[in-house]
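Grab your viewer and a cup of coffee. Here are a few exercises to work through, each with a solution you can check step by step.

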Amino acid sequence: MASSDQHRKRMKALVAFTASSFDTEFPSPFGSAIYDERSGVLVAQAYDTVMQTCDPTNHAEINAIRDAARELQRLSLRGCTLYSTCEPCPMCISACVWAEIDTVVFGASTLEDANLYWPQASDLPPQELVAHMLLEPKCRLIPHVGRSLCQNLFTRCDEVRKERGLQLPPHRDGLRPRG
């Protein structure tokens with residue numbers, strides 16, 4: 001299992017990778033990476049392609065899980081750790097459960113951080129879904145690793161979107177917190 005220092009280094013690398021999306025037509029603050037803990041090797045990394053593909057399931061975690069399963073040629077990602085710049089939504093943590101990922105490490109908080117820039121559709125925390133896992137061992141959650149770096153991704157992405165005149169989808173813009 002990776003050490004706290006390794007988690008921080010991997011999250012920092014993921015933040016840099018995710019920030020590279022700001023140079024594309026579809027900037028996103030949501031990034032994910034999967035490491036094989038036996039070898040320590042980065043297996044897959046991806047960012048959110050929801051807007052690019054017009055597919056609401058193309059979250060960064062889902063894209064990384066798909067890529068990792070293809071790369072490793074197996075459905076189970078036991079022995080792997082998933083990193084995410086943001087706390088996984090219910091769909092993504094469910095995918096982690098189905099993929100049997102050992103550990104999920106995330107930076108920003110969904111409701112406290114991401115919701116300010118990209119309004120969320122659910123307030124169900126990943127801990128609740130993991131608590132209902134039937135498989136043992138249950139997926140381990142490690143929150144807020146590199147949180148300030150990840151929070152900065154959201155701020156910078158929002159600035160990039162505003163500079164380019166990019167809008168959130170209308171159904172999301174209406175969910176923005178008031179106040």
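**Exercise 1.** Leaving aside its neighbours within four places in sequence, which residues is Ile65 in contact with?

*Solution.* Keep in mind that we're working on a predicted model.
- Start by locating the residue: Ile65 sits in helix α3, residues 60-72.
- Next, the contacts. Once the neighbours within four places in sequence are set aside, Ile65 touches Ile34, Leu77, Leu82, Ala95, Cys96, Ala99 and Ile101.
- Now the burial call: Ile65 counts as buried because its relative accessibility is 11%, and the cut-off for buried is under 20%.
- One distance to finish: Ile65 and Ala46 are 19 residues apart along the chain, with 9.1 Å between their C-alpha atoms.

**Exercise 2.** Work out the span of helix α1, then find its buried residues and what covers them.

*Solution.*
- Helix α1 covers residues 4-19, so 16 residues, and the expected span is 1.5 Å times one less than that number.
- From first C-alpha to last, α1 reaches 22 Å, close to the 22 Å expected.
- The buried residues of α1 are His7, Arg10, Met11, Leu14, Val15, Thr18 and Ala19.
- Their cover includes the strands β1 (31-36), β2 (41-47), β3 (80-86), β4 (103-108) and β5 (140-142), along with helix α6 (147-164).

**Exercise 3.** Describe how β1 and β2 pair up, and pick out the residue with a positive phi in their hairpin.

*Solution.*
- β1 and β2 run antiparallel, joined by 6 bridges.
- To see the register, look at Ala33, which stands opposite Gln45 in β2.
- The hairpin has 4 residues between the strands, and here Gly40 takes a positive phi near 80°.

**Exercise 4.** Is Asp48 buried or exposed, and what does its side chain reach?

*Solution.*
- Find Asp48 in the loop between β2 and α2 (50-53).
- Its relative accessibility is 13%, so Asp48 counts as buried.
- The Asp48 side chain reaches the backbone nitrogen of Val50 at 2.7 Å.
- Setting aside neighbours within four places in sequence, Asp48 is in contact with Ser28, Phe30, Asn58, His59, Ala60 and Asn63.

**Exercise 5.** What is the volume of the second largest pocket, and what lines it?

*Solution.*
- The volume of the second largest pocket comes to about 270 Å³.
- Its lining has 19 residues, and those nearest the centre are Phe26, Pro27, Ser28, Met51 and Arg161.
- Sorting the lining by element, α2 and α6 are the ones that give two or more residues.
- The largest share, 3 residues, comes from α2.

Conventions
Residues numbered from 1 in each chain as written. Predicted model: local features only at pLDDT ≥ 70, side-chain atom pairs only at ≥ 80, totals over all residues. Heavy atoms only, no water. Buried < 20%, exposed > 50% of the residue type's maximum accessible area, 1.4 Å probe, protein only. Contact = heavy atoms within 4.5 Å. Pairing = 2+ DSSP bridges. Polar contact = N/O pair within 3.5 Å; in protein donor to acceptor, adjacent residues only side chain to side chain. 1 Å grid on protein atoms, 1.4 Å probe; cavity = no way out; pocket = protein on both sides within 12 Å on 5 of 7 lines; lining within 4 Å. Points joined across faces, edges and corners; volume = space filled by probe spheres on them.
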